[in-house]
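Q: I am new to this structure and would like a close look at a single part of it. Please take one helix and describe how it sits among its surroundings.

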Amino acid sequence: MDYLDICDDFYFDIATQVCMESWSQGRVVLVGDSGYCPSPLSGQGTSLALVGAYVLAGELKMANGAYMTAFERYKTLMSPFINANQELGMLVNQTFLLPGGISQEEINIRTKSIMNSLENAAYVKNLLNYD
Ligand SMILES: Cc1cc2nc3c(=O)[nH]c(=O)nc-3n(C[C@H](O)[C@H](O)[C@H](O)COP(=O)(O)OP(=O)(O)OC[C@H]3O[C@@H](n4cnc5c(N)ncnc54)[C@H](O)[C@@H]3O)c2cc1C
């Protein structure tokens, strides 16, 4: 806190997730944070955006013009990866970012729980090859 007044690149923002029932309307479709931002708390937003763009492009190619089919498959294929990362963000929010005064033992337990969840969220499973 003492350095806030002299720091010249202080960053302050709220941490939010974007959770939408649908990522598309007509021919418009969302990719990345606009559709499924996990919040910086999960630290995986760039991966979701890149994998999302890859899957969407691949599905559009496979659908051969049937963009509605591509959008549906994009959501179906991406949802488990996105859910795992949004759950990780919630876990970090609920278990780690708490007021001080907790014991080192408690910190270790919470860190372990986050690392287990991260292992599950870090890799997208069954990523298709669209070559
Ligand atoms: C503090 C912080 C730390 C983070 N740390 C990590 C991390 O460690 N690892 C990780 O993977 N992710 C991290 N993220 C998340 C990551 O930055 C985002 O998930 C990722 O950038 C999302 O990419 P995107 O392309 O969807 O959106 P963005 O990168 O936000 O790109 C959207 C672009 O659209 C532009 N734009 C907006 N409106 C308009 C408009 N009307 N017309 C034209 N252009 C427009 C914006 O200027 C922006 O350039 C962090 C985010 C924050 C805020």
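A: What follows is a description of helix α2 and of the parts that meet it. The model is a predicted one, and helix α2 covers residues 45-63. At 1.5 Å a residue, its 19 residues should span 27 Å, and the C-alpha atoms at its two ends are 26 Å apart, which agrees with that expectation.

The helix has a buried side, made up of Gly45, Leu48, Val51, Gly52, Val55, Leu56 and Glu59. These residues cover an arc of only 140° around the axis, which puts them on the same side of α2. A general rule of helices helps in reading this pattern: an α-helix has 3.6 residues a turn, so residues three or four places apart point the same way. On the other side of α2, Thr46, Leu50 and Lys61 are exposed. The cover over the buried residues includes β2 (28-29), α1 (33-36) and α3 (67-95).

The contact with α3 leads into the nonpolar interior. The largest nonpolar core has 19 residues, and among its members Leu48, Val55, Tyr74, Met78, Phe81 and Ile82 touch the most others. Two elements, α2 and α3, give two or more residues to this core, and the largest share, 10 residues, comes from α3. Met78, once its neighbours within four places in sequence are left aside, is in contact with Gly52 and Val55, both of which belong to the buried residues of α2.

Helix α2 also takes part in the surroundings of the ligand, which is enclosed by Gly32, Asp33, Ser34, Cys37, Pro40, Gly43, Gln44, Gly45, Thr46, Ser47 and Ala49. The elements that give two or more residues to this shell are α1 and α2, and α2 gives the most, with four residues. Sorted by class, the shell has three nonpolar, seven polar and one charged residues.

Finally, the backbone on either side of the helix deserves a look. Most residues other than glycine have a negative phi. In the loop between α1 and α2 lies Ser39, which has a positive phi of about 85° although it is not a glycine; Ser39 is also buried, with 21 other C-beta atoms within 10 Å. Just after α2, Asn64 likewise takes a positive phi, of about 55°.

Conventions
Residues numbered from 1 in each chain as written. Predicted model: local features only at pLDDT ≥ 70, side-chain atom pairs only at ≥ 80, totals over all residues. Expected span 1.5 Å × (residues − 1). Buried ≥ 20, exposed ≤ 12 C-beta atoms within 10 Å, placed from the backbone. Arc of directions from axis to C-beta. Contact = placed C-beta atoms within 7 Å. Near = placed C-beta within 6 Å. Nonpolar A, V, L, I, M, F, W, Y, C, P; charged D, E, K, R; others polar. Core = buried A, V, L, I, M, F, W, Y, C linked by C-beta atoms within 7 Å.
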